Amino acid sequence: MPGRPTAARFEGTLLRRGDRAYDSARAAAVWNGLKPERFPAAIVRAASERDVPQALSCARSEGLRVSTRSGGHNWSGSQLRDGSLLIDLSGLGQCDIDPASATATVGPAATGQDLVKALAPYGLAFPVGHCSSVALGGFLLSGGLGWNSRAWGPSCADVLEMRVVTADGATVTCSETENADLFWAARGAGPGFFAVVTRFRLGLHPHPGSVMTTGLTFPLAATGPVAAWAEGLARDLPANVETALVLTASGDPAVTVAPGPRILAGMTAFARTREEALAALAPAEACPLAGSAVSRQPPEPTSFARLHERAAAVWPPAHRYAADTLWSEETYETQLGRIADAVAHAPAGKSLVLAPVRPVSEDPALLRNMAFSPLGASYLVCYAVWDDPADDGANARWLRDAMASVDPSGRGGHYIAETDLEADASRARRSYAPADWDRLQELKAAWDPGNVFHSYLAP
Ligand SMILES: Cc1cc2nc3c(=O)[nH]c(=O)nc-3n(C[C@H](O)[C@H](O)[C@H](O)COP(=O)(O)OP(=O)(O)OC[C@H]3O[C@@H](n4cnc5c(N)ncnc54)[C@H](O)[C@@H]3O)c2cc1C
């Protein structure tokens, strides 16, 4: 078409629907093996930050709306929108560490694993996502429930500054003191953010000298008492111990050594010394239910890299996945008791429920000035995991039925990073406190008055 912007203006590549490399670029934009049937009109694979304003100007000149992807991990594939221009930032994965200031400058496609590796020589750490492959872009924009977030706060609390390309193509910095309203939104808006972040500056933590983990596995039938115990335990444990419950139908060997329908309680301490870690885990060792455990793992040293490896085995690429979240004012005992039956009858053996117990710091100082907030006293994520496309319908139904069983009033909250955006039109809204949702709408209207960016995916 005469006058259309051409690939020549980009340092990266511009692909149009119909081009030979388009199909593989579209498929690669979604990490999930389940690829949504949505087709961008064009994909710009950015090779530099400079490509981003170019892509926006290309979208404006062609009247295309814009979607963005960093690591492609959104479970609903919200980065793929029909007829849009997709800005693919997967080439922007730099990770530069400044040990003197204990800060890192990272590209949006840098993964948790990249950051852990880059930090290792300097004795520094960051609350990276639980799976190694999760990119920092969408993770930090959503808030970020990372390793040791119970002590360190949501990962976005450690974002000091972002470089952002806005709807009009301008490149701006946002921080607590510069464009503070945009900064507030960028710390939680997730897949509804109305600009493109091309780099983050992060504050870092001293590396915990000792990371230790322990766990007990019980029959799934013991879910109620185990959940009640773990909830009480998490209240008593220091903030630097992360407690997570995992419910599995098959006893996936990646989750537990004891096959069968199981509930696993895992505790991980991030401490200065081995002694401090062992002392922090001691209340877990005194579990009054230990006699009914089918297996028990005594405290053992681990590392961010090994924690990542273990999580990657539970959520490997290539499977088909659907996920949904729930924040609730109900107890873990009630919520997990409700969903255990669904887990036992999941159509796919790898499906599971993860319930991090009080997953994020409740310290107001670590939750200030961000769109993200925890929305309840208990939290869980339910994952359908399967392989055969013929089973798509059964697994999608199972997930929705399981979530309905655990939120019968339909009034629970959600976490925007992992919620099933297509389950109903209110999923995105109910991922925020009402005043925060209203403020996000106002800021979207102010920063993106022409609605250049796609907003939250809906059914
Ligand atoms: C295996 C797995 C494990 C996970 N573990 C965790 C976990 O431990 N804790 C947690 O909190 N979450 C977790 N998540 C959820 C994860 O944080 C989100 O899926 C997040 O969106 C992933 O980031 P991404 O860059 O891959 O997102 P993408 O899929 O690339 O993008 C999702 C959306 O975010 C927006 N976006 C992404 N990058 C940018 C950018 N640079 N500028 C503007 N908008 C952008 C776009 O709207 C896009 O549609 C996990 C997901 C998976 C698949």
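The shell around the ligand in this predicted model comprises 16 nonpolar, 17 polar and two charged residues, where Ala, Val, Leu, Ile, Met, Phe, Trp, Tyr, Cys and Pro count as nonpolar, Asp, Glu, Lys and Arg as charged, and the others, Gly among them, as polar. Of the 35 residues around the ligand, those that come nearest are Ser70, Gly71, His73, His130 and Gly138, a residue being near a molecule or strand if its C-beta atom, placed from the backbone, lies within 6 Å of it. At least two residues of the shell are supplied by each of β3 (66-69), α4 (136-142) and β10 (196-203), and α4 gives the most, with five residues; helices (H or I, at least four residues) and strands (E, at least two) are DSSP runs, numbered from the N terminus. Residues are numbered from 1 along each chain as its sequence is written. Because the model is predicted, local features need pLDDT of at least 70 and side-chain atom pairs count only at pLDDT 80 or more, whereas totals for chains, interfaces and linings use all residues.

An open sheet of seven strands follows the order β15-β12-β14-β13-β17-β18-β16, with antiparallel pairing; two strands pair if DSSP finds at least two bridges between them. The edges are occupied by β15 (295-302) and β16 (320-328), each with a single partner strand, so that one side of each is left without a neighbour in the sheet. Within this sheet, strand β13 (residues 241-248) and strand β17 (residues 352-357) pair in the antiparallel sense over six bridges, and Val246 stands opposite Leu354 in β17. Helix α7 packs on the sheet and touches β12 (210-219), β13, β14 (262-271) and β17, its direction making about 170° with that of β13; here, residues are in contact if their C-beta atoms, placed from the backbone, lie within 7 Å, and angles run from 0 to 180 degrees between N-to-C directions, axes being lines fitted to C-alpha atoms, for helices over the stretch in contact.

A second open sheet is formed by five strands in the order β5-β6-β10-β8-β9, again with antiparallel pairing. At its edges stand β5 (95-98) and β9 (171-175), each with a single partner strand, so one side of each is left without a neighbour in the sheet. The pairing of β5 with strand β6 (residues 103-106) is antiparallel and extends over four bridges, with Ile97 opposite Ala104 in β6. Helix α2 (residues 51-62) packs on this sheet, touching β8 (159-165), β9 and β10, while helix α3 (residues 112-119) touches β5 and β6.

Key
Two residues are in contact if their C-beta atoms, placed from the backbone, lie within 7 Å.
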